[in-house]
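Biologist: Please pick one sheet in this model and go through it closely, strand by strand. After that, set it against the rest of the chain.

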Amino acid sequence: MLRSHKLKEDEVLPSVRAIARCGAGTNNIPVPRMTELGIPVFNTPGANANAVKELVLCGLMLGSRRIIDGINHMKDLGKQGVARERVEKDKAMFGGREIKGKTLAVIGLGHIGASTARDARTLGMKLVGYDPGLSVQSATKLPRDMELADSILSAVANADYISLNIPYIKTSPEEGGTHGIIGHTIIRHCKPDAVILNFARGELVDSMAMKEFLDKSGEARYISDFPDDELWNHPNTIIVPHLGASTGEAEDSAASMAAETLRLYLEDGTVRHSVNFPNASLPAISPNNIRVTVVNKNKPGVLKLIIEVFAKHSLNIVQQINHSQGEIAYNVLDIDPDGTDLDFKELQKELTMNEGVLSSRILFGLPGTGYSRNIDGQYHV
Ligand SMILES: NC(=O)c1ccc[n+]([C@@H]2O[C@H](COP(=O)([O-])OP(=O)(O)OC[C@H]3O[C@@H](n4cnc5c(N)ncnc54)[C@H](O)[C@@H]3O)[C@@H](O)[C@H]2O)c1
């Protein structure tokens, strides 16, 4: 399990069965090489969603009332020793509005977006959302009266607040990416007093287009969790130093999710939240059976070789799954060992040393229990 450590290939010994990153990104891990070695890499999507959601809610309030300007003003008055006499008169400069009854557009209804929508609803906001890839899991978590728009344009058109909760993909929207997706076209459709909250990624927003909009409207606000060379000093922006996921709870949540993901993989072969292995889950194994997992290159003929090993030893396969993703295939096979006096260590060696097999495991504490690897034709147990 690792967080920000930049993992090098030579740190990954033949005994390593799996790697979990306590966080969403995995660019500190040489994932393509791990795939070649048959090692699953896991991440923890959504583990920090609550922390980010709370900061988005904070952004809603900061964008509605001139709290930060007011606090800074109080400091100035305090320095001059005139806070008490000036405060009632000066507070007129920092008036604001309430969020209750206003419309929040949520762009991206994944872990953070759906959770933001739910809490905004309890604060009395009206909701409109846009997410062309809305998952069934997220859809069931949305407030029932949330309106779903068919484009970002129609979602933002009547919104008082807009929360961006989509991933950053380097290419332009025309090429399927999200770089600068909030540019002139979208911004032109925003209400002149809209508050745009960006706790997703700085590069989603075209800074120059946003600057023009803020200058022209005078009332709109941009609240962002990311540095911005154009907007950092604008009177109508609030720039936060990427604090979205910076809570102890978010770190704990990511670590415990990573640990649970590894436990499921090690104990029963389940694969979920992997960036390089296909999802796989089987019903609990019967106490009379043995579970074998095999990772192999996703090439024709390899599965046949694997099955032949079981057939050769007259082992009955009771249930089996075979899923593939890219270069890799992952097999989970439950076998009935009844009536065999087979040495499972031998079976495992035969399986693992097949051309195209990368690693195998025999689960549930019976003879041969363990893990073995085929690295460039060398057998490692
Ligand atoms: N500020 C921070 O510290 C911080 C922390 C965590 C995540 N984030 C950012 O927040 C983003 C969202 O996180 P999440 O956990 O909710 O991710 P998620 O994967 O659960 O949800 C993202 C959602 O966006 C949708 N989406 C993708 N492209 C879209 C588009 N063009 N228009 C509308 N919807 C689109 C997807 O279908 C998905 O449902 C992340 O990608 C990350 O960049 C920021």
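Modeller: What follows starts with one sheet and then moves outward to the rest of the chain.

This is a predicted model, in which local features need pLDDT of at least 70 and side-chain atom pairs count only at pLDDT 80 or more, while totals for chains, interfaces and linings use all residues. Residues are numbered from 1 along each chain as its sequence is written.

The sheet to look at is an open one of six strands, in the order β11-β12-β10-β13-β14-β15, with antiparallel pairing. Strands here are DSSP runs of E with at least two residues, helices are runs of H or I with at least four, and both are numbered from the N terminus. Two strands pair if DSSP finds at least two bridges between them. At the edges are β11 and β15 (378–380), each pairing on one side only. From one strand to the next the twist averages 15 degrees.

Start at the β11 edge. Strand β11 (residues 316–325) runs antiparallel to β12 (residues 328–336), and nine bridges join them. Q319 stands opposite D334 in β12. The hairpin of β11 and β12 has two residues between the strands, and in it G326 takes a positive phi near 60 degrees. Strand β12 also pairs with β10 (residues 290–297), in the antiparallel sense and over eight bridges. In that pairing N296 stands opposite A329 of β12.

Helix α12 (residues 344–352) packs on this sheet and touches β10, β13 (357–363), β14 (370–375) and β15. Contact is taken as C-beta atoms, placed from the backbone, within 7 Å of each other. The direction of α12 makes about 155 degrees with that of β13. Axes are lines fitted to C-alpha atoms, for helices over the stretch in contact, and angles run from 0 to 180 degrees between N-to-C directions.

Now the rest of the chain. The domain assignment, which is automatic or taken from a database, gives domain 1 (96–239) and domain 2 (280–381). The C-alpha centres of domain 1 and domain 2 are 48 Å apart.

A second open sheet has seven strands in the order β5-β4-β3-β6-β7-β8-β9, and its pairing is parallel. Its edge strands are β5 (147–148) and β9 (237–239), each pairing on one side only. Strands β3 (residues 103–107) and β4 (residues 126–130) run parallel and are joined by five bridges. L104 stands opposite L127 in β4. Helix α2 lies across β6 (161–164), β7 (195–198), β8 (221–224) and β9, and runs at about 150 degrees to β7.

Helix α2 (49–64) also has a part in the ligand site: α2 and α5 (111–122) each supply at least two residues of the shell around the ligand. The largest share, three residues, comes from α5. Of the 30 residues around the ligand, those that come nearest are G108, G110, G133, P167 and G244. A residue counts as near if its C-beta atom, placed from the backbone, lies within 6 Å. By class the shell has 15 nonpolar, 12 polar and three charged residues. In this scheme Ala, Val, Leu, Ile, Met, Phe, Trp, Tyr, Cys and Pro are nonpolar, Asp, Glu, Lys and Arg are charged, and the others, Gly among them, are polar.

Methods. Contact = placed C-beta atoms within 7 Å.
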